[in-house]
Amino acid sequence: MATVLVVDDDEKLLKMLRRTLIYEGFDVVTATDGREALAQVEAHQPDVIVLDWLMPGLDGLGVIDRLRAAHDQTMVLMLTARDAIEDRVEGLESGADDYLVKPFAPAELLARVRALLRRSAAASAAAAEEQPLAYAGLLLDPLTRQVRRGERQFELTPTEFDLLHYLLRHPRQVLSRQQILQEVWGYDFGGDDNVLEVYVGYLRKKTEQVGEARLIQTVRGVGYVLREE
C-alpha cells in the first residue's frame with residue numbers, strides 16, 4: 001500500500017483529499033503546514049507528497065527546498081491556485097515533479113498520484129538492473145543515482161534524472177515531444193503546458209558549464225536528441 005502525505009492549510013480540502021485517497025486504497029497521512037509536513041516525512045517516509053504551495057510560515061517551495069537539500073527525492077505533486085506559466089515554471093524549478101492547478105477534479109489528482117508512483121517504481125526497478133549509461137563524457141549511474149560530466153559531479157531532481165536517463169538510453173535518436181512525455185511523465189500534459197521545455201532547460205544548465213558543448217539538441221517541430229554538436 002503506497003503512502004501519500006497530503007499537506008494543505010485548507011482543512012476542508014485536506015479532509016476531502018484524505019477521504020478520496022483512502023477510498024482508492026492509499027495509506028494517507030496529513031499536515032496543515034510546512035514544518036508539520038517535514039516532521040511527517042521523517043516519521044512516515046511517504047511515497048508521494050501532495051503539497052500545497054501557499055501556506056503560512058513555511059510554504060510549499062520552502063518544504064521542497066529543505067527536502068532536496070537533505071537529498072530526499074520523494075515525488076512531489078504541487079497544488080496551487082496560481083495558474084500562470086511563470087508560476088508553473090517556478091513550482092517545477094523548485095524541485096516539484098508535477099503541478100496541479102486548483103480547482104481540480106479528484107480523478108485528475110488520483111491520475112497524477114498514480115503516474116508519480118509508476119515513475120518511482122519503474123525508476124527503482126530499472127536502477128536495480130541497469131548498468132551505468134555514458135555518452136560524450138556524460139555518465140549516469142541508475143543504481144547510485146550519481147551523474148557527472150567528465151570530472152564534474154552534479155545532483156538532479158527525480159524528474160531531471162528520469163529525463164536524462166531516457167535521453168541517455170537513446171543517444172543520437174530524435175525523440176518526439178510526445179514520446180518523451182509518455183515515457184518520462186507517463187501521460188501527455190497537453191499542448192499548452194511547457195513542462196518538457198522547462199526541464200530541458202534545467203538539464204542544460206546543469207550539464208553545460210563554460211567551455212562544455214551542448215549535448216541536448218532541439219529538433220524544431222519534433223522534439224529533442226542527445227548528440228554532440
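1. Trp185, Tyr199 and Tyr202 form one aromatic cluster. The model is a predicted one, and it holds 3 aromatic pairs.

2. Within this cluster, the rings of Tyr199 and Tyr202 make an edge-to-face pair, with 5.1 Å from centre to centre and 80 degrees between the planes. The two tyrosines belong to helix H8 (residues 195-207) and stand 3 residues apart, so about one helical turn separates them.

3. Are these two tyrosines buried or exposed? Tyr199 has a relative accessibility of 1% and counts as buried. Tyr202 is also buried, because its relative accessible area of 7% falls under the 20% limit for that term.

4. A further aromatic pair joins Trp53 and Tyr99. The arrangement is edge-to-face: the ring centres are 6.4 Å apart and the planes meet at 85 degrees. With a centre distance of 6.4 Å, the two rings count as a pair because the cut-off is within 6.5 Å.

5. Which parts of the chain does the pair of Trp53 and Tyr99 tie together? Trp53 is in the loop between strand S3 (48-52) and helix H3 (60-69), while Tyr99 is in strand S5 (residues 98-101), so the pair links parts that are 46 residues apart in sequence. Both Trp53 and Tyr99 are buried.

6. A contact between a charge and a ring should also be noted. The charged end of Arg145 sits over the ring of Phe161, at 3.8 Å from the ring centre.

Technical notes: Residues are numbered from 1 along each chain as its sequence is written. This is a predicted model: local features need pLDDT of at least 70, side-chain atom pairs count only at pLDDT 80 or more; totals for chains, interfaces and linings use all residues. Side-chain values use heavy atoms; hydrogens and water are left out. Rings of Phe, Tyr and Trp (its six-membered ring) pair if their centres lie within 6.5 Å; planes under 30 degrees apart count as stacked, over 60 as edge-to-face and the rest as tilted. Helices (H or I, at least four residues) and strands (E, at least two) are DSSP runs, numbered from the N terminus. Buried means under 20% relative accessible area, exposed over 50%, partly exposed in between (1.4 Å probe, protein chains only). A charge sits over a ring if NZ of Lys or CZ of Arg is within 6 Å of the ring centre and within 35 degrees of the ring normal.
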